[in-house]
Amino acid sequence: MARIVIENAYKTFGDFVAVNNVSLTVNDQEFVVLVGPSGCGKTTLLRAVAGLGIVDSGKIMIGDRDVTYLSPKDRKLSMVFQSYAIFPHMKVYNNIAFGLRMQRVSKAQIEERVQEAARLLHIENLLNRYPSQMSGGQRQRVAVARAIAMQSEVLLMDEPLSNLDALLRLEMRAELKSLLAKVGATTIYVTHDQIEAMSMGDRIAVMRDGEILQFDSPTRIYDFPATQFVGGFIGTPPMNFLEAQIQRDNGQLQVKIGEFTLSPPNYLHDALRLYEGQVVLAGIRAESMEALDAPAPDTLGVTVEVVEPLGSQNLLTIRMHNNVIKVSTHPTFPVVAGKQIWIRFPIDKIRWMNRDSGQALPIDLEKIVSR
Ligand SMILES: Nc1ncnc2c1ncn2[C@@H]1O[C@H](COP(=O)(O)OP(=O)(O)OP(=O)(O)O)[C@@H](O)[C@H]1O
Ligand SMILES: [Mg+2]
């Protein structure tokens, strides 16, 4: 069992709080991704788990061992760090084999594991080179191979694919995911690439300013972001946020989004009633809006400013009053820039947020609506 439990981890650099009271449990053999903008504390948190930086307060457990103050080598884990330190004076083969030799693994097994890791990372023809004879992306793959060859129960990786070109990265992330599932390592994987996070993680922890804003499965984070920031950070394009005025007309609760007036279904009444006379944010994904090429009930006529043909979809930029929103349409939907179209907001697809705090309103949407 190699469950990782982080309890109230707190880490400062001088006055600056880099990790602010973070608690996180990674289940045995689970793949958890830490994602968030640059400087949010991902590396600092990972270093605390690795033992390269000690928390000011809090506790870190691996399995049933309290490792908070143990040195890295006593934590029984492998890691790949952002500055993928590999030994410059050792050939690639020896770099990958190094940890295994330290553990007195047999020569035959070392050979097997080095070859397997090298094959997976597509560096089998580089085993006789020195790091100085390779590109940054190749060196990075050596670092990943070295960590994988160890077959530790716990694997920590900090942006391990950041130096690879887009195509190799795409291939690598699928291969890494399948390999790690097979090996059954408990993994914490850091990236600031939200697509990588979505595609690889069993669960994703979205961080900002040293805190975890949401920790959940990729689809739940995408569909039910806990805050405006999460909705904007996860997903391409970001979730659209529109100001929605909550009002009452003839005793009926109404939501006005620009020229749109929507009648909220009963399940929204309790939450929205509290904001009567005020504005909340209505979050909606680009693919959740319906676009029509002719007027129809409950639609709003809008002018398309930009059309981006992305192959599998067309991404439209539309201006609604003060808001610029993105709407994605099927490539067969007829549209050109400057043309008018009509859009509809399915109310079940709207995610409601407090405008000031950015927090999702307390509505258990998941129980009520489908995707
Ligand atoms: N040794 C240090 N001394 C002072 N400040 C530090 C130190 N290490 C990190 N920081 C600060 O702590 C914050 C978090 O840094 P960290 O490296 O954890 O961010 P990150 O989320 O990994 O970012 P990136 O995606 O850019 O790698 C940053 O503002 C950084 O400047
Ligand atoms: Mg970092």
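**How the labels in this model are earned**

Q: How many residues of domain 1 are in contact with residues of domain 2?
A: Seven residues of domain 1 are in contact with 10 residues of domain 2. This is a predicted model, and a pair counts as a contact if the C-beta atoms, placed from the backbone, lie within 7 Å. The side of domain 1 that touches domain 2 has four nonpolar, three polar and no charged residues.

Q: Where do the two domains lie along the chain?
A: Domain 1 covers 4-233 and domain 2 covers 240-368. Their centres, taken over C-alpha atoms, are 38 Å apart.

Q: What makes helix 3 and helix 4 oblique to each other?
A: The axes of helix 3 (residues 107-120) and helix 4 (residues 136-149) cross at roughly 135° and come within 9 Å. That angle makes helix 3 oblique to helix 4, because roughly antiparallel would need an angle over 145 degrees and roughly perpendicular one of 65 to 115. The crossing is right-handed.

Q: Which residues of helix 3 and helix 4 meet?
A: Helix 3 brings Arg-113, Val-114, Ala-117, Ala-118 and Leu-120, and helix 4 brings Ala-145, Ile-148 and Ala-149. By class, this contact has seven nonpolar, no polar and one charged residues.

Q: Why is helix 2 called oblique to helix 3?
A: Let's take the angle again. The axes of helix 2 (residues 92-102) and helix 3 cross at roughly 130° and come within 10 Å. Helix 2 is therefore oblique to helix 3, since the angle falls outside both the 65 to 115 degrees of roughly perpendicular and the range over 145 of roughly antiparallel. Helix 2 passes helix 3 in a right-handed crossing.

Q: What residues make the contact of helix 2 and helix 3, and how do they divide by class?
A: On helix 2 they are Tyr-93, Ile-96, Ala-97, Leu-100 and Arg-101, and on helix 3 they are Ile-110, Arg-113, Val-114, Ala-117 and Ala-118. Eight of these are nonpolar, none polar and two charged. Arg counts as charged, so the two are Arg-101 and Arg-113.

Q: How do you know what to call the arrangement of helix 2 and helix 4?
A: Once more, the angle settles the label. Helix 2 and helix 4 pack at about 30°, with their axes 8 Å apart. They are therefore roughly parallel to each other, because angles under 35 degrees get that name. Helix 2 passes helix 4 in a right-handed crossing.

Q: Which residues of helix 2 and helix 4 meet here?
A: Val-92, Asn-95, Ile-96, Phe-98, Gly-99 and Leu-100 in helix 2 meet Val-142, Ala-145, Arg-146 and Ala-149 in helix 4. They divide into seven nonpolar, two polar and one charged. Gly counts as polar here, so Asn-95 and Gly-99 are the polar pair.

Q: Which residues come nearest to ligand 1, and which element gives the most to the shell around it?
A: Of the 13 residues around ligand 1, Phe-13, Ser-38, Lys-42, Thr-43 and Thr-44 come nearest. Strand 2 (16-26) and helix 1 (42-50) are the elements that give two or more residues to this shell. Helix 1 gives the most, with three residues. By class, the shell has four nonpolar, eight polar and one charged residues.

Q: Is the peptide bond from Thr-236 to Pro-237 cis or trans?
A: This bond is cis, with omega near -5°. Pro-237 sits in the loop between helix 8 (228-233) and strand 11 (240-249).

Q: What is the phi of Asn-8, and where is Asn-8 found?
A: Asn-8 has a positive phi of about 50°, although it is not a glycine. Asn-8 belongs to strand 1 (residues 4-13).

Conventions:
Residues are numbered from 1 along each chain as its sequence is written. Chains are lettered from A and ligands numbered from 1 in the order in which they are written. This is a predicted model: local features need pLDDT of at least 70, side-chain atom pairs count only at pLDDT 80 or more; totals for chains, interfaces and linings use all residues. Domain bounds come from an automatic or database domain assignment. A residue is near a molecule or strand if its C-beta atom, placed from the backbone, lies within 6 Å of it. Helices (H or I, at least four residues) and strands (E, at least two) are DSSP runs, numbered from the N terminus. Axes are lines fitted to C-alpha atoms, for helices over the stretch in contact, and angles run from 0 to 180 degrees between N-to-C directions. A crossing is left-handed if the near helix is turned anticlockwise from the far one by less than a right angle, and right-handed if clockwise.
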